[in-house]
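Biologist: I'm new to this one. Could you walk me through it and tell me what the labels rest on?

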Amino acid sequence: MSRPTIAHGRRTGFASLSRGGLDVDSFPMRLFAEGNAKHWNPADIDFTQDARDVAEMTDLERWWTCSLAAQFMAGEESVTQDLQPFVAAMAAEGRFADEVYLTQFVFEEAKHTEAFRRWFDAVGLTDDLHAHVEENPAYLEIFTKHLPESLYALAEDPSPRNQIRASVTYNHIVEGTLALTGYFAWSTVCASRGILPGMQQVIKHIGGDERRHMAWGTFTCRRHVAADDSLWDVVDERMQELLVPAMGVVIGGREGEERPFGIDINEMAEYAMDKVGRRLGAIESARGADVRVIDRDAAPEELEETFHAEDQAVLAAVV
Ligand SMILES: [Fe+2]
Ligand SMILES: [Fe+2]
C-alpha cells in the first residue's frame, strides 16, 4: 500500500504498520529514548531550604529572584500550549517519529511549569505574579504575540517555511536565547552563595530536557534547509525580526535597576548572542547536505552537549 495519511483527523492508515514506519535510529527517536531514560519527577524535589533562603533575601534580591522564576514559569506554560500545532504539523507531513518525540517534548514543558509552581508554593510566594512579567514589555511581545502567532500559523499551513519560522521563534529564540540565558542567571545566583538547592536541581533537570528540545529545533531547520537552500533566508530573516525583542527580555526590568547576586547584564547578553550565532552556524552547515544523512546526524545534539560542557567550566570558575 502507498504511504497512508496520518494527518490528524484524516487517517487513512498507520505509520507504525508501514515499512520503516518508525525508525528507532532516526534523530527524533533517539531523543525520545534519551528523554525516557532521563525521566524525573518535580514532586521528588525538596524545597525546604529554598524557603529559608528566600526568607533571608533582601527585598531587592527576593523581587529579582521572583521575577526570574515568574518569567520562567509563564514561559514554560506558553511553550506547553504553543508546541501543540507543531505536533499536528509533523503528522501532516507524515513524520510520526517527530510526532512521537514532540509528545514527550510537550509533556516535559508541562512538567517544567509544574516544577516552578511547586517552588513558588513551597517558598510561600502565592500572591498573583503577573506584575513580574508586565514590567517587561519585550517579554509580553514575545509570549503573547510572536510565539503564539508563528506556532498557530502551522495549523493553517504547515509548510517548511512556516515550520522554520515557528522553530526559530520557539527553539532558537525562546529556548535557545531566553531560557538558556535564564538558566545561566539561575546558576550564577545559586552558585554565588550556595543557596536554593531545590531550584538548582530543577534547573539541572530542565537544562537537560532543553538540550534535547533545542537539538530537535536545529535538526528540523537543518532538514528543511538541506532540502531547499532558499529556506536559509527564512531562518536568517526570522532571526533578525526577533533579535531586538529577545535582547529586550534579557536586559529588561525596571529602568536603572540594580541587579543583585553580581549579575552582569552585558555578560548575559553576550552569552545569549554567542549561543544563537553558533546554533545558526549548525543550521547553515546543512546547506547542500543530503537530507537522508541529516535524519541520522547527531551534530545538533553534540552542539548542545558542547555548550553544556562550556557552561559547566565557566560556573566551576565562578564558585
Ligand atoms: Fe521548558
Ligand atoms: Fe523546551
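Modeller: Happy to. Along the sequence, the donor residues of the iron ion (ligand 1) follow the spacing E-x32-E-x2-H-x97-E. This is a predicted model, where local features need pLDDT of at least 70, side-chain atom pairs count only at pLDDT 80 or more, and totals for chains, interfaces and linings use all residues. Residues are numbered from 1 along each chain as written, chains are lettered from A and ligands numbered from 1 in written order, and side-chain values use heavy atoms, without hydrogens and water.

Biologist: What makes an atom a protein donor of the iron ion (ligand 1)?

Modeller: Donors are N, O and S atoms within 2.8 Å of the metal (3.2 Å for Na, K and Ca); water is not among the atoms, so sites may look incomplete. Glu 76 (OE), Glu 109 (OE), His 112 (ND1) and Glu 210 (OE) lie 2.0 to 2.3 Å from the iron ion (ligand 1), so they qualify.

Biologist: Why is the site of the iron ion (ligand 1) called irregular?

Modeller: Four donors are tetrahedral if all angles lie between 85 and 135 degrees, and square planar if opposite donors are over 155 degrees apart and all others between 65 and 115 (six are octahedral by that same rule); anything else is irregular. The four donor atoms here make angles of 90 to 157 degrees, and the site is irregular.

Biologist: How do you know that Glu 109 is buried?

Modeller: Buried means under 20% relative accessible area, exposed over 50%, partly exposed in between (1.4 Å probe, protein chains only). Glu 109 has 1%, so it is buried. Glu 210, at 2%, is buried too.

Biologist: Which residue coordinates both iron ions?

Modeller: Glu 109 does, and the two ions are 3.5 Å apart.
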